[in-house]
Amino acid sequence: MVRQIFTIERVGEPKIDTPIRMSSIHGDGSADYVEDTDKIYLNIDHDESKGKEDQEDVLELAGPRKKIYFNPAHVHAAICTCGGICPGLNNVIRSVVRCFWYRYGVRRITGIPFGYLGLLENSPWPMIDLTPDVVDDIQEKGGTILGSARGGGKEVEQIVDTLERQNINILITIGGDGTLRGAHDIGEEVKRRGLKIAVVGVPKTIDNDLSFIDTSFGFDTAVASAVPAVRGAHVEAKSAYNGIGLVKVMGRESGFIAAHTSLAQSDVNFCLIPENPFDLDGDNGLLHHLEKRILDRGHAVILVAEGAGTDLVPPTGEVDAGGNIKYQDIGVFLKEKIKEYFKGRSIPVSIKYIDPSYIIRSTPANSYDSIYCARLGAHAVHAAMAGKTQCIASSVNNRFVYIPIKAAVAKRNHVNPEGALWRDVLENTRQPVSMKNTK
């Protein structure tokens, strides 16, 4: 029996023959349609001590269906990008537009400016007509041609009013946790009103913190872009007497970028992430271990995720437009604490602090993410045209699937401090397993 949490909702039964010409016969040498019954197991782990579960979580494979719900001639599709920018946004927009236009023959595609704010009734920005000519070369640029912003996602009734007024029957939302929660709420309001509007998401979170997905688009580019900053910090540290290179990367609640960058660039001596709390002072605190490293080797590199050490930094008491708590800059905080510590011990140090966050966010997608975005965008369109709604297109176990938004945002994905990734980071950095003082 399939657990209902992974069942994909529909706005209606698909009865229209798709304009995409493929095959329904396996083995005839032609690309095949995907059936709703084509599924994969979510959990590929095996525990010898457990018997076979009565219920297995399975996910619906993504791809073009033989029957679609929406008549392409009657489709008015809209696309919006929300939240902070990250590599690959333009790639997804381009893929969505080209799939609608060339594969389905949809000729009315609208770009919503500045995320959900562009769908509010008092929006000052005109909507953007999107065609293949408009999106032809945008994959070569960072950011998003539509503009992106936080907020507006809670004004659900206004947003659905606009969708009705503009005769939009497909909404593709590209964004992270808050964006997808907004998309789910929009879908619920659409359902409450009995409207035939499909809402499909493409998950965008540079922190890679959404559940049930392999990686978020832009993550690979983010790691590749963080590596030069760490390399520069290492050069600065090694070139100075008692040099310390301190680099901060994104990662509010999940330290995947920091962890992967530490493995990609083996110059990191201390990788600090939200999932592995640390103390500053004491015999097992960061500062003690940093001093030992400086006295032994004469230089050190620290890589810190933005959400690490939040228990050490005074809270701001502020939230952003998306409802996220604003953090103090952990990098600046650590820099001052390190200076203060070594000054108190009369040990001269040279500290160089690098924050490449905005450079990383604005970088164009690399080849891996370009491919990933192209496929994600197309799969989102296939879902919408088949009448699927309140779902995201993503990759699980290296297969493209559809996941209900409600499941995807139910909890965040975190680095497991007892898992293989963090074990490999510890082996690479040779930092202590814990830098918490025992009480």
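Begin by selecting Asp136, which in this predicted model sits in the loop between strand E8 (128–129) and strand E9 (148–149). Asp136 is partly exposed, with a relative accessible area of 37%, and if Asp133, Asp137 and Glu140 are added to the selection, the four residues show a negative surface patch.

Move next to helix H2 (residues 156–165), where Val156, Ile159, Val160, Thr162 and Leu163 are the buried residues. They cover an arc of only 155° around the axis, so they lie on the same side of H2, whereas Glu157 and Arg165 are exposed on the other side. From H2, select Glu164 together with Arg193, a salt bridge whose closest N and O atoms are 2.8 Å apart. Because Glu164 belongs to helix H2 and Arg193 to the loop between helix H3 (177–192) and strand E11 (198–203), the pair ties together parts that are 29 residues apart in sequence.

Now select Ala386, in the loop between helix H9 (367–385) and strand E16 (388–389). Ala386 counts as buried, at 0% relative accessibility, and its C-alpha atom is separated by 9.0 Å from that of Lys15, although their positions lie 371 residues apart along the chain.

In strand E16, show Lys388 with Asp36, which form a salt bridge with the closest N and O atoms 3.0 Å apart; the pair links distant parts of the chain, 352 residues apart, with Asp36 in the loop between strand E2 (16–17) and strand E3 (39–41). Lys388 counts as buried at 1% relative accessibility, while Asp36 is partly exposed at 25%.

Finish with Lys248 and Asp329, a salt bridge with the closest N and O atoms 3.4 Å apart.

Key: Residues numbered from 1 in each chain as written. Predicted model: local features only at pLDDT ≥ 70, side-chain atom pairs only at ≥ 80, totals over all residues. Heavy atoms only, no water. Patch = residues over 30% accessible without salt bridge, like charges linked within 9 Å, V, L, I, M, F, W, Y side chains within 5 Å. Areas by Shrake-Rupley, 256 points an atom, 1.4 Å probe, with all protein chains shown as cover. Salt bridge = Lys/Arg side-chain N within 4 Å of Asp/Glu carboxyl O. Lys, Arg positive; Asp, Glu negative; His and termini not counted. Charge placed at Lys NZ, Arg CZ, Asp CG, Glu CD. Helix = DSSP H or I, 4+ residues; strand = E, 2+ residues; numbered from the N terminus. Buried < 20%, exposed > 50% of the residue type's maximum accessible area, 1.4 Å probe, protein only. Arc of directions from axis to C-beta.
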